[in-house]
Amino acid sequence: MQLPLAGLEAPVWFASASSADLNELPPETFLAEAECARSSEFKFGQPRENFTLGRLAGKLALAAAGETRRDIGATGPLTPTLSPSGGEGEDFALRLRSIEISNGERGEPVVRVGGWNPTALGVSLSHVNGLGVAVAFPAGARVGLDVELIDAKRAETVRKGVPLSGEEESWLKSTALPEATALLLLWTARESLGKALGTGLACKWESLALREIERGGEGVYSGSFLHQPQFRCISRIGAEAVMSLAFEIA
Ligand SMILES: CC(C)(COP(=O)(O)OP(=O)(O)OC[C@H]1O[C@@H](n2cnc3c(N)ncnc32)[C@H](O)[C@@H]1OP(=O)(O)O)[C@@H](O)C(=O)NCCC(=O)NCCS
(Lines give C-alpha, C1' and ligand atoms only; values in the text may rest on other atoms or scores of the structure.)
Protein backbone atom coordinates (compact mmCIF):
# COMPACT_ATOMS: atom_id res chain seq x y z
CA MET A 1 0.00 0.00 0.00
CA GLN A 2 1.42 3.35 -1.04
CA LEU A 3 1.00 6.07 1.59
CA PRO A 4 1.46 9.75 0.91
CA LEU A 5 2.67 11.49 4.07
CA ALA A 6 2.13 15.22 4.37
CA GLY A 7 5.52 16.91 4.44
CA LEU A 8 7.46 13.94 3.06
CA GLU A 9 8.45 14.49 -0.56
CA ALA A 10 8.07 10.89 -1.75
CA PRO A 11 5.42 8.36 -0.75
CA VAL A 12 6.24 5.34 1.38
CA TRP A 13 5.04 1.75 0.94
CA PHE A 14 3.41 -0.06 3.82
CA ALA A 15 2.92 -3.81 4.17
CA SER A 16 1.89 -6.17 6.93
CA ALA A 17 2.07 -9.93 7.42
CA SER A 18 0.30 -12.19 9.86
CA SER A 19 0.79 -15.76 11.02
CA ALA A 20 -1.87 -16.95 8.55
CA ASP A 21 0.23 -15.62 5.65
CA LEU A 22 2.93 -18.14 6.54
CA ASN A 23 0.57 -20.96 5.56
CA GLU A 24 0.38 -19.47 2.07
CA LEU A 25 4.04 -18.59 1.88
CA PRO A 26 6.24 -20.87 4.00
CA PRO A 27 9.35 -19.09 5.37
CA GLU A 28 11.86 -21.18 3.42
CA THR A 29 10.33 -19.98 0.16
CA PHE A 30 10.97 -16.28 0.77
CA LEU A 31 13.78 -16.02 3.33
CA ALA A 32 17.25 -15.46 1.88
CA GLU A 33 19.96 -17.89 2.96
CA ALA A 34 21.40 -15.61 5.63
CA GLU A 35 17.91 -14.91 6.97
CA CYS A 36 17.17 -18.66 7.22
CA ALA A 37 20.40 -19.07 9.17
CA ARG A 38 19.43 -16.25 11.50
CA SER A 39 15.92 -17.59 11.94
CA SER A 40 17.26 -21.00 12.94
CA GLU A 41 19.25 -19.36 15.75
CA PHE A 42 16.03 -18.54 17.60
CA LYS A 43 15.49 -21.22 20.20
CA PHE A 44 11.77 -20.59 20.57
CA GLY A 45 9.03 -20.63 17.98
CA GLN A 46 7.41 -17.27 18.71
CA PRO A 47 10.54 -15.09 18.36
CA ARG A 48 11.37 -17.02 15.19
CA GLU A 49 7.91 -16.39 13.80
CA ASN A 50 8.08 -12.70 14.75
CA PHE A 51 11.41 -12.36 12.96
CA THR A 52 9.95 -14.12 9.91
CA LEU A 53 6.84 -11.92 9.86
CA GLY A 54 9.01 -8.81 10.05
CA ARG A 55 11.08 -10.06 7.11
CA LEU A 56 7.96 -10.93 5.09
CA ALA A 57 6.37 -7.52 5.70
CA GLY A 58 9.69 -5.81 4.88
CA LYS A 59 10.11 -7.71 1.63
CA LEU A 60 6.51 -7.09 0.58
CA ALA A 61 6.93 -3.37 1.18
CA LEU A 62 10.28 -3.30 -0.65
CA ALA A 63 8.91 -5.33 -3.55
CA ALA A 64 5.98 -2.94 -3.94
CA ALA A 65 8.30 0.05 -3.73
CA GLY A 66 10.75 -1.57 -6.15
CA GLU A 67 8.05 -2.08 -8.73
CA THR A 68 7.23 1.59 -8.76
CA ARG A 69 10.66 2.92 -7.94
CA ARG A 70 10.73 5.07 -11.02
CA ASP A 71 7.95 7.07 -9.40
CA ILE A 72 10.29 7.97 -6.60
CA GLY A 73 13.04 9.08 -8.96
CA ALA A 74 15.45 6.42 -7.71
CA THR A 75 18.51 6.05 -9.87
CA GLY A 76 20.49 3.35 -8.10
CA PRO A 77 20.13 -0.30 -9.09
CA LEU A 78 17.51 -2.16 -7.13
CA THR A 79 17.36 -5.54 -8.74
CA PRO A 80 16.73 -7.03 -12.14
CA THR A 81 14.34 -9.55 -10.56
CA LEU A 82 11.93 -6.95 -9.17
CA SER A 83 10.38 -6.20 -12.51
CA PRO A 84 7.35 -3.94 -12.83
CA SER A 85 5.31 -6.90 -14.05
CA GLY A 86 4.72 -8.23 -10.54
CA GLY A 87 4.47 -11.98 -10.06
CA GLU A 88 2.55 -14.85 -8.59
CA GLY A 89 3.33 -17.93 -6.58
CA GLU A 90 6.83 -19.32 -6.86
CA ASP A 91 8.03 -16.50 -9.02
CA PHE A 92 6.89 -13.98 -6.46
CA ALA A 93 8.48 -15.93 -3.58
CA LEU A 94 11.74 -16.00 -5.56
CA ARG A 95 11.62 -12.26 -5.92
CA LEU A 96 11.10 -11.88 -2.21
CA ARG A 97 13.95 -14.30 -1.60
CA SER A 98 16.32 -12.16 -3.63
CA ILE A 99 15.82 -9.37 -1.09
CA GLU A 100 17.82 -9.74 2.10
CA ILE A 101 17.18 -7.64 5.17
CA SER A 102 20.09 -7.80 7.56
CA ASN A 103 20.96 -5.49 10.44
CA GLY A 104 23.59 -2.80 10.79
CA GLU A 105 25.74 -2.10 13.84
CA ARG A 106 22.95 -0.40 15.72
CA GLY A 107 20.39 -3.05 14.80
CA GLU A 108 18.91 -0.98 11.97
CA PRO A 109 17.64 -2.90 8.95
CA VAL A 110 19.94 -3.00 5.93
CA VAL A 111 18.59 -3.98 2.52
CA ARG A 112 20.52 -6.06 0.02
CA VAL A 113 19.10 -7.38 -3.18
CA GLY A 114 20.64 -10.36 -4.95
CA GLY A 115 24.03 -9.57 -3.42
CA TRP A 116 23.75 -5.89 -4.25
CA ASN A 117 23.68 -3.30 -1.56
CA PRO A 118 21.16 -1.03 -3.21
CA THR A 119 21.13 2.64 -2.60
CA ALA A 120 17.56 3.13 -3.76
CA LEU A 121 15.42 1.97 -0.86
CA GLY A 122 15.37 1.67 2.89
CA VAL A 123 12.99 -0.16 5.20
CA SER A 124 11.80 0.08 8.79
CA LEU A 125 10.05 -2.82 10.44
CA SER A 126 8.41 -3.95 13.62
CA HIS A 127 7.00 -7.23 14.87
CA VAL A 128 4.80 -8.37 17.69
CA ASN A 129 3.33 -11.82 18.28
CA GLY A 130 1.49 -12.81 15.12
CA LEU A 131 2.04 -9.57 13.21
CA GLY A 132 4.84 -7.96 11.23
CA VAL A 133 4.62 -4.49 9.73
CA ALA A 134 7.05 -2.62 7.54
CA VAL A 135 7.47 0.51 5.55
CA ALA A 136 9.79 0.95 2.56
CA PHE A 137 10.97 4.38 1.52
CA PRO A 138 13.52 6.09 -0.69
CA ALA A 139 16.96 5.65 0.85
CA GLY A 140 18.03 8.79 2.60
CA ALA A 141 14.55 9.51 3.94
CA ARG A 142 14.45 9.13 7.71
CA VAL A 143 11.43 7.00 8.53
CA GLY A 144 10.68 4.67 11.45
CA LEU A 145 7.81 2.34 12.23
CA ASP A 146 6.71 0.69 15.45
CA VAL A 147 3.76 -1.48 16.46
CA GLU A 148 2.59 -2.73 19.85
CA LEU A 149 -0.31 -4.95 20.81
CA ILE A 150 -2.78 -3.15 23.04
CA ASP A 151 -2.04 -4.87 26.29
CA ALA A 152 -2.67 -3.58 29.82
CA LYS A 153 0.57 -5.06 31.22
CA ARG A 154 2.68 -3.52 28.48
CA ALA A 155 1.00 -0.16 29.08
CA GLU A 156 1.71 -0.43 32.79
CA THR A 157 5.37 -1.08 32.03
CA VAL A 158 5.42 2.14 30.00
CA ARG A 159 3.62 4.02 32.78
CA LYS A 160 6.07 2.82 35.43
CA GLY A 161 9.26 2.80 33.40
CA VAL A 162 9.10 5.79 31.10
CA PRO A 163 9.27 9.34 32.48
CA LEU A 164 6.82 11.32 30.34
CA SER A 165 7.16 14.97 29.37
CA GLY A 166 4.70 17.55 30.75
CA GLU A 167 3.15 17.76 27.29
CA GLU A 168 2.64 14.00 27.16
CA GLU A 169 1.12 13.95 30.66
CA SER A 170 -1.30 16.74 29.72
CA TRP A 171 -2.36 14.89 26.58
CA LEU A 172 -2.89 11.68 28.57
CA LYS A 173 -5.24 13.57 30.90
CA SER A 174 -7.19 15.21 28.11
CA THR A 175 -7.51 12.42 25.54
CA ALA A 176 -10.68 10.36 25.32
CA LEU A 177 -8.61 7.25 24.54
CA PRO A 178 -8.40 4.51 27.17
CA GLU A 179 -5.22 5.07 29.18
CA ALA A 180 -3.53 1.84 28.06
CA THR A 181 -4.08 2.69 24.40
CA ALA A 182 -2.88 6.26 24.89
CA LEU A 183 0.28 5.12 26.70
CA LEU A 184 1.06 2.64 23.95
CA LEU A 185 0.45 5.29 21.32
CA LEU A 186 3.00 7.51 23.06
CA TRP A 187 5.43 4.63 23.32
CA THR A 188 5.15 3.56 19.68
CA ALA A 189 5.52 7.18 18.59
CA ARG A 190 8.74 7.46 20.61
CA GLU A 191 10.06 4.14 19.32
CA SER A 192 9.24 5.08 15.74
CA LEU A 193 11.28 8.27 16.17
CA GLY A 194 14.17 6.26 17.64
CA LYS A 195 14.11 4.03 14.58
CA ALA A 196 13.86 6.97 12.18
CA LEU A 197 16.92 8.47 13.89
CA GLY A 198 18.72 5.12 13.70
CA THR A 199 19.40 4.93 17.43
CA GLY A 200 16.43 2.79 18.37
CA LEU A 201 16.07 3.15 22.12
CA ALA A 202 19.82 3.41 22.66
CA CYS A 203 19.51 7.11 23.44
CA LYS A 204 18.17 9.28 26.23
CA TRP A 205 14.51 8.37 26.18
CA GLU A 206 13.44 11.92 27.00
CA SER A 207 14.98 13.00 23.69
CA LEU A 208 12.15 11.10 21.96
CA ALA A 209 9.31 12.82 23.85
CA LEU A 210 6.28 14.21 22.08
CA ARG A 211 5.29 17.85 22.05
CA GLU A 212 1.78 17.62 20.73
CA ILE A 213 -0.71 14.99 19.59
CA GLU A 214 -3.82 15.76 17.60
CA ARG A 215 -6.69 13.55 16.58
CA GLY A 216 -6.82 13.43 12.80
CA GLY A 217 -9.81 11.13 12.28
CA GLU A 218 -11.26 7.87 13.51
CA GLY A 219 -8.35 6.04 15.15
CA VAL A 220 -5.77 8.33 13.53
CA TYR A 221 -3.50 10.73 15.41
CA SER A 222 -0.66 12.96 14.33
CA GLY A 223 2.10 14.23 16.53
CA SER A 224 5.21 16.37 16.75
CA PHE A 225 8.28 15.92 18.91
CA LEU A 226 9.73 18.14 21.62
CA HIS A 227 13.39 17.87 20.65
CA GLN A 228 13.15 16.85 17.01
CA PRO A 229 10.92 19.49 15.43
CA GLN A 230 11.78 18.33 11.91
CA PHE A 231 10.02 15.01 12.56
CA ARG A 232 6.32 14.21 12.63
CA CYS A 233 4.48 11.03 13.39
CA ILE A 234 1.20 9.46 12.43
CA SER A 235 -0.36 6.85 14.68
CA ARG A 236 -3.10 4.44 13.85
CA ILE A 237 -5.13 2.60 16.45
CA GLY A 238 -6.64 -0.74 15.49
CA ALA A 239 -8.75 -3.21 17.44
CA GLU A 240 -5.71 -5.04 18.80
CA ALA A 241 -2.66 -2.96 18.06
CA VAL A 242 -1.36 0.56 17.81
CA MET A 243 1.18 1.57 15.22
CA SER A 244 3.20 4.74 14.73
CA LEU A 245 5.21 5.99 11.79
CA ALA A 246 7.73 8.80 12.30
CA PHE A 247 9.24 10.69 9.39
CA GLU A 248 11.40 13.72 8.76
CA ILE A 249 9.64 16.49 6.92
CA ALA A 250 11.34 18.23 4.04
C1 LIG B 1 15.19 -0.99 18.10
C2 LIG B 1 14.23 -1.21 19.24
C3 LIG B 1 13.54 0.10 19.49
C4 LIG B 1 13.28 -2.31 18.79
O5 LIG B 1 12.07 -2.29 19.48
P6 LIG B 1 11.15 -3.54 19.80
O7 LIG B 1 9.84 -2.97 20.18
O8 LIG B 1 11.86 -4.42 20.74
O9 LIG B 1 11.03 -4.40 18.49
P10 LIG B 1 10.32 -4.08 17.10
O11 LIG B 1 9.79 -5.36 16.60
O12 LIG B 1 9.39 -2.95 17.18
O13 LIG B 1 11.52 -3.61 16.19
C14 LIG B 1 12.54 -4.49 15.90
C15 LIG B 1 13.16 -4.04 14.62
O16 LIG B 1 13.63 -2.70 14.73
C17 LIG B 1 14.71 -2.55 13.83
N18 LIG B 1 15.78 -1.86 14.53
C19 LIG B 1 16.57 -2.35 15.50
N20 LIG B 1 17.47 -1.41 15.88
C21 LIG B 1 17.22 -0.32 15.13
C22 LIG B 1 17.82 0.96 15.04
N23 LIG B 1 18.85 1.30 15.81
N24 LIG B 1 17.33 1.84 14.16
C25 LIG B 1 16.29 1.51 13.36
N26 LIG B 1 15.67 0.30 13.40
C27 LIG B 1 16.15 -0.60 14.27
C28 LIG B 1 15.13 -3.96 13.38
O29 LIG B 1 14.72 -4.13 12.04
C30 LIG B 1 14.37 -4.85 14.32
O31 LIG B 1 13.91 -6.04 13.75
P32 LIG B 1 14.89 -7.22 13.32
O33 LIG B 1 15.89 -7.36 14.40
O34 LIG B 1 14.02 -8.40 13.12
O35 LIG B 1 15.53 -6.73 12.04
C36 LIG B 1 14.91 -1.67 20.52
O37 LIG B 1 15.21 -3.03 20.42
C38 LIG B 1 16.17 -0.94 20.84
O39 LIG B 1 16.37 0.23 20.65
N40 LIG B 1 17.10 -1.54 21.40
C41 LIG B 1 18.26 -0.78 21.82
C42 LIG B 1 19.27 -0.67 20.77
C43 LIG B 1 20.17 -1.78 20.92
O44 LIG B 1 20.49 -2.21 22.00
N45 LIG B 1 20.60 -2.28 19.78
C46 LIG B 1 21.37 -3.44 19.75
C47 LIG B 1 22.42 -3.26 18.67
S48 LIG B 1 23.48 -4.65 18.71
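**View 1. Lining of the largest pocket in the predicted model.** Strand β5 contributes the most to this lining, with eight residues. Elements that each supply at least two residues are α4, β4 (109-113), β5, β7 (143-149) and α8 (179-197). The lining has 43 residues, and those nearest the pocket centre are G107, E108, P109, V123 and S124. By class, 19 of the lining residues are nonpolar, 14 polar and 10 charged. The pocket holds about 820 Å³ of space. Domain 1 (2-140) and domain 2 (146-248) each give at least three residues to its lining.

**View 2. The second largest pocket, between the two domains.** Both domain 1 (2-140) and domain 2 (146-248) give residues to the lining of this pocket, so it lies between them. Its space amounts to about 430 Å³. Of the 23 lining residues, L3, F14, S235, R236 and M243 lie nearest the centre. Two or more residues come from each of β2, β6, β7, β10 (231-237) and β11 (241-248). The lining comprises 17 nonpolar, four polar and two charged residues.

**View 3. The four-stranded open sheet and helix α4.** The strand order is β1-β2-β6-β5, with antiparallel pairing. The edge strands β1 (2-3) and β5 (121-128) have a single partner strand each, so one side of each is left without a neighbour in the sheet. Helix α4 (residues 45-67) packs on the sheet and touches β2, β5 and β6. The direction of α4 makes about 145 degrees with that of β2.

**View 4. Pairing of β2 with β6.** Six bridges join β2 (residues 12-18) and β6 (residues 131-138) in the antiparallel sense. F14 has V135 of β6 as its bridge partner. F14 is also among the residues nearest the centre of the second largest pocket.

Technical notes:
Residues numbered from 1 in each chain as written. Predicted model: local features only at pLDDT ≥ 70, side-chain atom pairs only at ≥ 80, totals over all residues. Heavy atoms only, no water. Pairing = 2+ DSSP bridges. Contact = heavy atoms within 4.5 Å. Axes fitted to C-alpha atoms, helices over the stretch in contact; angles between N-to-C directions. 1 Å grid on protein atoms, 1.4 Å probe; cavity = no way out; pocket = protein on both sides within 12 Å on 5 of 7 lines; lining within 4 Å. Points joined across faces, edges and corners; volume = space filled by probe spheres on them. Nonpolar A, V, L, I, M, F, W, Y, C, P; charged D, E, K, R; others polar. Domains from an automatic or database assignment.
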